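Q: Please look closely at the place where the two chains meet, and then follow the description outward into each chain. An explanation suited to a first-year student would be welcome.

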Amino acid sequence: MSGTPLIFICTCYETLSRTIPRGVLRTGIVARRPNAHIEFVPSLCRREDIDLIAGLIKERKHASVLLAACSPFARGNVVLDGLARRNPAMQASLVDVREGCAWVHGGNPDAAAAKAVDLVCMGLAGLRCREHSSEFHFQPVRRVLVVGAGPAGLAAAGTLARLGIEVSLAERMSRPGGLLNQIGRLFPYNMPGREFLATFLSEASHPCVDLLPKTSVTRIEGDPGRFEAHLSLEGRDMTVTAGAVILACGAMPVLPQNRFHSGELSGVISQLELETRLNKLEREESAPAGIAGAVFIQCVDAREDARPYCSTICCPTALKNALRLKNLNRDISVTVLHRGIMTPGRDLEELYRQTMASGVRFVAFSPASPPEVHGDGFVSSVSLTDALSARRLEIAADLVVLSTPLKPRPETASLAGDLGLRLDEIGFACGTEPMQPLVAPTPGVYLCGAVRWPVSAQEAVDQGRAAAIKAAGFLAQGALDLNRLFLPGSRRGPASIRTEACSRCGRCVSGCPYGACRREKNGPVTVCGIRCRGCGLCVAVCPSGAVRIPEQDSASVRAMLREIAPRPTALREVHR
Amino acid sequence: MHAPDSPDSLPVLVVGAGVAGLTAALDLAALGIPVVLVEREGCLGGQAVRLDKLYPSDHCGFCPVWTDAAACLAHPLITLHRHTSLEGLAEEDGRIMAQLAASPPAVDLDACVFCGLCLDACEARGVPGTIKMRLEGMLSAPDTPPVPYLNPVLCSRCGECAGACPTGAIDPLRLDRPPQEVRLPVADVIFATGFTENDTTMVPEYLPDSHPDIFSALDFEAWTSEAGPNAGRIARRSNGKTPRSIGFIQCVGSRDQRFQPYCSSVCCMHALKQARWAKRRLPAASVAIFFTDLRAIGKGYEAYARAAAKEGVLLVRSRPGLVFCLPEEGGGSTPAVHYEDTGSGELITAEFDIVVLNGGLTACPMPGRSGSSTQTGSACGFCEEPADVSRSVVQGSRAAALVAMRLASRTGGGL
């Protein structure tokens, strides 16, 4: 095996040679590297070219190859990737002598040639010092822990089971379903909640799904691919080993404490309380007694400075229940007091239209002058200023329904540390916005449903399925995919620590944003390969130079810089 | 595991390489399921890559989408067909046969090495200006140097460029060739065809297309984009001057019984984003949004709207009745918005140097969606239900999950 790299210079069908003649380039390189093996080729990027050079490299027994060609964004990456596929063990490096030299310095051919020679020599120096990270073993456990058996968790579990993956489904309560158990009808199609839930319950009752009711997750340890979750089943402790975790622990309703005389005036109730009453009335097929006027107040305890967010689902929920009231008794006058009706899309906007057509009245108010609820023991009326006409209104009411938002559950924060989750300012969990909203920063951890943001039941199950396929994809990954951290064709492994140089100061441990560097008691610091993203922060904070990213080692960068550092004048000439 | 090499494993067809389609394709391929991704345009990323910034992060739209597009291009199980559209689906012997129409452009970007030899040949023999190196093509690969573009009107079809091209990438005869029909047996179909901006001429009261300073939202995005013609500077299209005021009118052609009754769901946030960026770039300008309901309901959206208000973006709850043009001192004209101030009930006419019309977006058709049996085909992204990037990618993954489950049940067990 020859230690000297083989250099291929692509003339791009001789268009490169117009600016940088072959002879100039060869002389320049040989002057600095007398033993260089240089091959000029008219093209590198056709399939047959790649086959040819891969064969040549094998035949001449070179361990590494330097390509001087076009930008990686033009065809360079195609060549690198093609070579890596044909010969994974080979070290290949690419320098851009077309866009970055011949093209941008076309008006100054001498400088272009000098820069091309510099780049080739830098590439050679980098290749000489470059190391390969060792393969690391990744064999994930084919089981997923799903935390929470609401609609999102049930859909995630059902989907995974159908893809042949074992699931442990931990549910805090004695029966699955979550908040959906309390919902009689679902917007926008008025589907019975029970019917909707039944679909996903039956999907999740599958031999692959281990439903664990009355179970809370106390702690999650271990690494992606092999998480150890400590569960508490009615006080009994147990451990589940899972390759990935899907967090679906939902959200909880805010109760309207002391707002609009709730708890003080009879007839002022929460939206959830109305839901329960409507469920009962619909079951018994009876009409609501003693109600002539109902007033819904939206955005109670929401979109205020103390809770500055819109909970997404309260408007459609109010519309749905206003319609249900109207369906039970046409004569009840129903008024919705709102700060903008949030019904985006096709189906929800249609629900809004239907509700208006059924005779439900909508009045907008401004947060600066909120409605006032009046009564003596019993609620009697609501007064407000109509924000659209600036007129004062007094609406007779014997029922006032307060729409309150959902807020994060305490489990979200307590598991966030173990799972490396980021929480937003409200306390909901964050994914990787915008393209991977359900994917947590830690590999193998996924979110779905209201743990991330309030969602409708339909959206919760959609997210459950989406999180499930992400988790299944993660478990199907091989070590090779994980080694290729970013660029196609350029293998880049995790950071590695030279134990003998490590002073065990722990700066890399606290500096790593992904929890990849860690120290066991007083032992040496190790890097968890699957957590490492190759960001290099550990390299930057290490005072003893013990940490390296093998393919991006600072020794090789230094060697590359040395190629140009001794001749600062030449460098200035190029950039003049 | 799914055996990708077995002859029985037909690919899943994903129609549209916007954010939903890219996500669906990558999620399926991660499970070892082969995918054929067809895209009507030459570039990947759909509408999202045309956005200068994404809300609520204010990041540019290109990079996050580029990462996924690059992963799709590099994935050995994903076959991409650009300039190809789905014409219909047929059932043959219990299999789904996709009818595709490919209209390859004169320059095949997969073969082109951007060497410029065609340009030289054309300049020597052909009509000057026929071939131009255009940067717009950079979205196609998804990041390449300027690519040759053959102007079909100027081209004399002399063939000099084809003779000069070392890789056979350019062929002017392709300009005149009818679309190639391709039939492809597929295991399942995911529709992710996205949306188009409505023809705003349907809303005559807002004078669309009649004044250079009246923009559609996506036009305004392109006009003010940092990668656009003004490098991020906001200028009037009529005279190049810096605008003193910008008005955004919402629900134009949407939530409107005449055209589109539904809400496009992305425009409130889109206007808030454009308004915030306008205010950041032109702190002295007055920026107003005329909205019906300000629907900022997603994760972090309300905070974004509050920040906009705090930064001085005027939020006016009103649906203007009229946009008209007023003559300007020193010639020219400026648009004016006639609206009711709902707080006071007063009718107000306010001049705005730029008016942006925001609203109607129409889902693209999904050929063969209705005709196919209910056991196949999933839709995701805007073509299914109005959705922004964050919702579209979730729906893309969901569609992939539904397809993977169907395939698993056919093979009787896991993948």
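A: The contact takes 55 residues from chain A and 60 residues from chain B. The model is a predicted one. On the side of chain A that touches chain B, helix H4 (72-86), helix H7 (151-162), helix H11 (347-357) and helix H13 (457-476) of chain A each supply at least two residues. The largest share of that side, ten residues, comes from H13(A). Sorted by class, the side of chain A that touches chain B holds 28 nonpolar, twelve polar and 15 charged residues.

Of these helices, H4(A) may be examined further. It has 15 residues, yet its end C-alpha atoms are only 18 Å apart, short of the 21 Å that a straight helix would reach at 1.5 Å a residue. H4(A) is largely enclosed by the rest of the structure, because eleven of its 15 residues are buried. The count behind this statement is simple: a residue is buried if 20 or more other C-beta atoms lie within 10 Å of its own. The buried residues of H4(A) include Pro72(A), Ala74(A), Arg75(A), Gly76(A), Asn77(A) and Val78(A); Val79(A), Leu80(A), Asp81(A), Gly82(A) and Leu83(A) are also among them. Their cover includes helix H3 (47-59), strand S3 (64-69), strand S4 (91-96) and helix H5 (98-103) of chain A, together with H2 of chain B. The other chain thus takes part in covering H4(A), through H2 of chain B.

The loop that lies between strand S2 (35-38) and helix H2 (62-74) of chain B contains Pro56(B). The peptide bond from Tyr55(B) to Pro56(B) is cis, with omega near -5 degrees. Most peptide bonds are trans. Chain A offers a second example, in which the bond from Phe187(A) to Pro188(A) is cis with omega near -5 degrees. Pro188(A) is located in the loop between strand S7 (185-186) and strand S8 (191-192) of chain A.

Two further residues of chain A deserve notice for their backbone angles. Most residues other than glycine have a negative phi. Glu14(A), however, has a positive phi of about 65 degrees although it is not a glycine, and Cys299(A) has a positive phi near 55 degrees. Glu14(A) sits in the loop between strand S1 (6-10) and helix H1 (15-19) of chain A, while Cys299(A) belongs to the loop between strand S16 (293-297) and helix H10 (314-328) of chain A. As for their surroundings, Glu14(A) counts as partly exposed because it has 14 C-beta neighbours inside 10 Å. Cys299(A) has 24 such neighbours inside 10 Å and therefore counts as buried.

The description now turns to the inside of chain B. Helix H8 (residues 389-410) of chain B has 22 residues and reaches 32 Å from its first C-alpha to its last, close to the 32 Å expected at 1.5 Å a residue. H8(B) is mostly covered, with 19 of its 22 residues buried. One partner of H8(B) is helix H1 (residues 19-30) of chain B: the two axes come within 8 Å and cross at roughly 35 degrees. The crossing of H1(B) past H8(B) is right-handed. From H1(B), the residues in this contact include Val19(B), Ala20(B), Ala24(B) and Leu28(B); from H8(B), they include Val389(B), Ala399(B), Ala400(B) and Val403(B). By class, the contact of H1(B) with H8(B) has ten nonpolar, six polar and one charged residues.

Several of these residues appear again around Ile190(B), which is placed in strand S9 (residues 188-191) of chain B. Leaving aside residues up to four places away in sequence, Ile190(B) touches Val12(B), Val14(B), Val15(B), Ala24(B), Ser378(B), Cys380(B), Ala399(B), Ala400(B) and Val403(B). Ile190(B) counts as buried because it has 28 C-beta neighbours inside 10 Å.

Finally, each chain may be viewed as a set of domains. Chain A is divided into domain 1 (6-130), domain 2 (143-252 + 407-476) and domain 3 (255-403). The C-alpha centres of domain 1 and domain 2 of chain A lie 51 Å apart. For chain B, the assignment gives domain 1 (12-103 + 179-194 + 364-410), domain 2 (118-168) and domain 3 (197-361). Between the C-alpha centres of domain 2 and domain 3 of chain B there are 39 Å.

Definitions and conventions
Residues numbered from 1 in each chain as written. Chains lettered and ligands numbered in written order. Predicted model: local features only at pLDDT ≥ 70, side-chain atom pairs only at ≥ 80, totals over all residues. Helix = DSSP H or I, 4+ residues; strand = E, 2+ residues; numbered from the N terminus. Expected span 1.5 Å × (residues − 1). Buried ≥ 20, exposed ≤ 12 C-beta atoms within 10 Å, placed from the backbone. Domains from an automatic or database assignment. Contact = placed C-beta atoms within 7 Å. Nonpolar A, V, L, I, M, F, W, Y, C, P; charged D, E, K, R; others polar. Axes fitted to C-alpha atoms, helices over the stretch in contact; angles between N-to-C directions. Left-handed = near helix turned anticlockwise from the far one by under 90°.
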